[in-house]
Amino acid sequence: MTIYSGELRSAATARFAIVASRWNPRIVDALIDGAQRSFIAHGVEAGAIDVVRVPGAWEIPIAAAKLARAGKHAAILALGCVVRGDTRHYEHVADNCAQGLMRVALDHGVPVLNGVLAVELHEDAQARAGGAHGNKGEEVALAALEMADLWARL
């Protein structure tokens with residue numbers, strides 16, 4: 001039996017893309033910083049990280065799809081923050097963003113990591129953007145490294 005698994009390393013030629021919302025900038029900027037620090041700590045050159053900013057979480061999947069079609073990135077990270085409000089807007093944006101990201105991954109065969117926070121309160125987002133619950137940007141960057149290495153092995 002052969003078992004395949006990715007490791008936390010990056011091929012010297014690998015590029016990574018971060019598609020990030022400009023909405024909730026204090027949270028999202030902390031996620032981007034965490035992802036970049038994590039990549040660099042694991043040997044990815046800063047010049048091999050492309051950051052694409054979009055207005056909100058709704059626009060992240062279409063930007064990810066364009067990047068996936070170009071085929072230049074070993075993995076694509078989606079970073080954003082959707083906070084529940086008084087209307088159903090939250091469900092529409094968060095759910096369809098996640099579904100869109102999965103569609104990009106399946107349609108294009110590139111790892112797409114979902115680091116779009118969908119939270120009840122701003123405090124919940126702060127806890128996941130470098131607070132008590134760590135930094136989701138760091139977590140998805142590590143998952144991206146592992147998936148890119150797995151893709152290379154497969």
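At what angle do helix 1 and helix 5 pack, and how far apart are their axes? In this predicted model, the two helices meet at an angle of about 40°, and their axes are 7 Å apart. Because an angle between 35 and 65 degrees falls outside the ranges for roughly parallel and roughly perpendicular, helix 1 and helix 5 are oblique to each other. The crossing in which helix 1 passes helix 5 is right-handed. On the side of helix 1 the contact is formed by Leu-31, Gly-34, Ala-35, Arg-37, Ser-38 and Phe-39, and on the side of helix 5 by Lys-136, Gly-137, Glu-138, Ala-141, Leu-142, Ala-144 and Leu-145. Sorted by class, the residues of this contact comprise seven nonpolar, three polar and three charged.

The sheet of the model is open and consists of four strands in the order 2-1-3-4, with parallel pairing. Strand 2 and strand 4 form its edges, each of them pairing on one side only, and neighbouring strands are turned against each other by 15° on average when direction is ignored. Strand 3 and strand 4 run parallel and are joined by eight bridges; in this part of the sheet, Gly-80 stands opposite Val-116 of strand 4. Helix 1, which covers residues 25-41, packs on the sheet through contacts with strand 1, strand 2, strand 3 and strand 4, and its direction makes about 155° with that of strand 3. Helix 5, spanning residues 136-153, likewise packs on the sheet, where it touches strand 1, strand 3 and strand 4, and its direction makes about 160° with that of strand 4.

The loop between strand 1 and helix 1 contains Asn-24, a residue other than glycine whose phi is nevertheless positive, near 55°. Asn-24 has a relative accessible area of 16% and is therefore buried, the limit for this class being under 20%.

A second helix pair is formed by helix 2 and helix 3, which pack at an angle of about 10° with their axes 8 Å apart; helix 2 and helix 3 are therefore roughly parallel to each other. Ile-60, Pro-61, Ala-64, Ala-65, Ala-68 and Arg-69 of helix 2 make this contact with Cys-97, Gly-100, Leu-101, Val-104 and His-108 of helix 3, and the classes represented are eight nonpolar, two polar and one charged residues.

Within helix 2, the buried residues are Ile-60, Pro-61, Ala-63, Ala-64, Ala-65, Leu-67 and Ala-68. The elements that cover these buried residues include helix 3 (89-108) as well as strand 1 (16-21), strand 2 (49-54), strand 3 (75-83) and strand 4 (112-119). Leu-67 lies in helix 2, which comprises residues 60-70, and is buried because its relative accessible area is 15%. Residues up to four places away in sequence being left aside, Leu-67 touches Ala-17, Val-19, Val-52, Lys-72, His-73 and Ile-76. Between Leu-67 and Ile-18 the separation is 49 residues in sequence, whereas the C-alpha to C-alpha distance in space is 9.9 Å. Just after helix 2, Gly-71 adopts a positive phi of about 70°.

Notes:
Residues numbered from 1 in each chain as written. Predicted model: local features only at pLDDT ≥ 70, side-chain atom pairs only at ≥ 80, totals over all residues. Heavy atoms only, no water. Buried < 20%, exposed > 50% of the residue type's maximum accessible area, 1.4 Å probe, protein only. Contact = heavy atoms within 4.5 Å. Pairing = 2+ DSSP bridges. Axes fitted to C-alpha atoms, helices over the stretch in contact; angles between N-to-C directions. Parallel < 35°, antiparallel > 145°, perpendicular 65-115°, else oblique. Left-handed = near helix turned anticlockwise from the far one by under 90°. Nonpolar A, V, L, I, M, F, W, Y, C, P; charged D, E, K, R; others polar.
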